[in-house]
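Q: I am new to this structure and should like a close look at a single part of it. Please take one residue as the starting point and then describe its surroundings in a connected account.

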Amino acid sequence: MNSDQIPTAESLRLWQLKTITGPLLVVFLGLHLVVNHYYGSKNGLLSFEDVVHYFNNPLVPIVEFGFAVVVIVHSLLGLRSIILDLQLKPKTMRILDAAFTLTGAALVGYALWLTLKVVSF
């Protein structure tokens, strides 16, 4: 695409990523709700100690971090799709793309840090 052209649609790769993360959201959300809210609600809300104990299972941090990454990617791609409909100038879209990329990287970094912090207790 020429730098002067206005992007009117998503690239195939971004569209595919969004369509993959959508169903993954449903799977991760289902797991999250069942484990954290159904099993946790049998004895009331999970306390911090319960969460730390829960995170001692090696699979749990991976699943919870994966859930966070899928939410971040899907939401930023969805927001980008909405903004594409505004048909902004190419320079503005490049700035927004960079901002979304930096925001996503920062949020994924924070999710990783938080996951590792809880595991370390």
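Which residues does Ser81 touch, not counting residues up to four places away in sequence?

A: Ser81 touches Glu10 and Lys18, when residues up to four places away in sequence are not counted; contact here means heavy atoms within 4.5 Å. The model is a predicted one, in which local features need pLDDT of at least 70 and side-chain atom pairs count only at pLDDT 80 or more, while totals for chains, interfaces and linings use all residues. Residues are numbered from 1 along each chain as its sequence is written, and side-chain values use heavy atoms, with hydrogens and water left out.

Ser81 lies in helix H3, which covers residues 59-84. Helices (H or I, at least four residues) and strands (E, at least two) are DSSP runs, numbered from the N terminus. With a relative accessibility of 15%, Ser81 counts as buried, a word that stands for under 20% relative accessible area, with exposed over 50% and partly exposed in between (1.4 Å probe, protein chains only).

Arg80 is also found in helix H3. This residue counts as buried because its relative accessibility is 11%. Leaving out residues up to four places away in sequence, Arg80 touches Glu10, Leu14, Asp97 and Phe100. Glu10 is thus among the residues touched by Ser81 and among those touched by Arg80.

The wider setting of H3 may now be described. The chain has 4 helices and 0 strands, and its pattern along the sequence reads α-α-α-α. Of its 121 residues, 26% count as buried. Among contacts between residues at least 6 apart in sequence, 78% join residues at least 24 apart.

H3 also packs against another helix. The axes of H3 and H4 come within 10 Å and cross at roughly 165°; axes are lines fitted to C-alpha atoms, for helices over the stretch in contact, and angles run from 0 to 180 degrees between N-to-C directions. The two helices, H3 and H4, are therefore roughly antiparallel to each other, since angles over 145 degrees count as roughly antiparallel, under 35 as roughly parallel, 65 to 115 as roughly perpendicular and the rest as oblique. Their crossing is right-handed, which means that the near helix is turned clockwise from the far one by less than a right angle. On the H3 side the contact includes Arg80, Ile83 and Leu84, and on the H4 side Met93, Leu96, Asp97 and Phe100 are among the residues that take part. The residues of this contact divide into 17 nonpolar, 3 polar and 2 charged. In this count Ala, Val, Leu, Ile, Met, Phe, Trp, Tyr, Cys and Pro are nonpolar, Asp, Glu, Lys and Arg are charged, and the others, Gly among them, are polar.

The largest nonpolar core consists of 6 residues, namely Ile72, Leu76, Ile83, Leu84, Met93 and Phe100. Such a core is a set of buried Ala, Val, Leu, Ile, Met, Phe, Trp, Tyr and Cys residues joined through side-chain atoms within 4.5 Å. The elements that give two or more residues to this core are H3 and helix H4 (90-119), and H3 gives the most, with 4 residues. Ile83, one of the core residues, touches Leu88, Met93, Leu96 and Phe100, not counting residues up to four places away in sequence. A second, separate core of 5 residues includes Val52, Tyr54, Phe55 and Val60.

Beyond H3, in the loop between H3 and H4, lies Gln87. Its phi is near 50°, a positive value in a residue other than glycine. Gln87 counts as exposed because its relative accessibility is 53%.

On the other side of H3 in the sequence, Phe55 has its place in the loop between H2 and H3. At 11% relative accessibility, Phe55 counts as buried. Leaving out residues up to four places away in sequence, Phe55 touches Val60, Pro61, Glu64, Thr115, Val118 and Val119. Its C-alpha atom is separated by 9.7 Å from that of Leu116, although the two residues are 61 residues apart along the chain.

Glu49, in helix H2 (residues 48-54), is exposed, with a relative accessible area of 56%. Glu49 and Phe121 are 72 residues apart in sequence and 9.1 Å apart in space, C-alpha to C-alpha.
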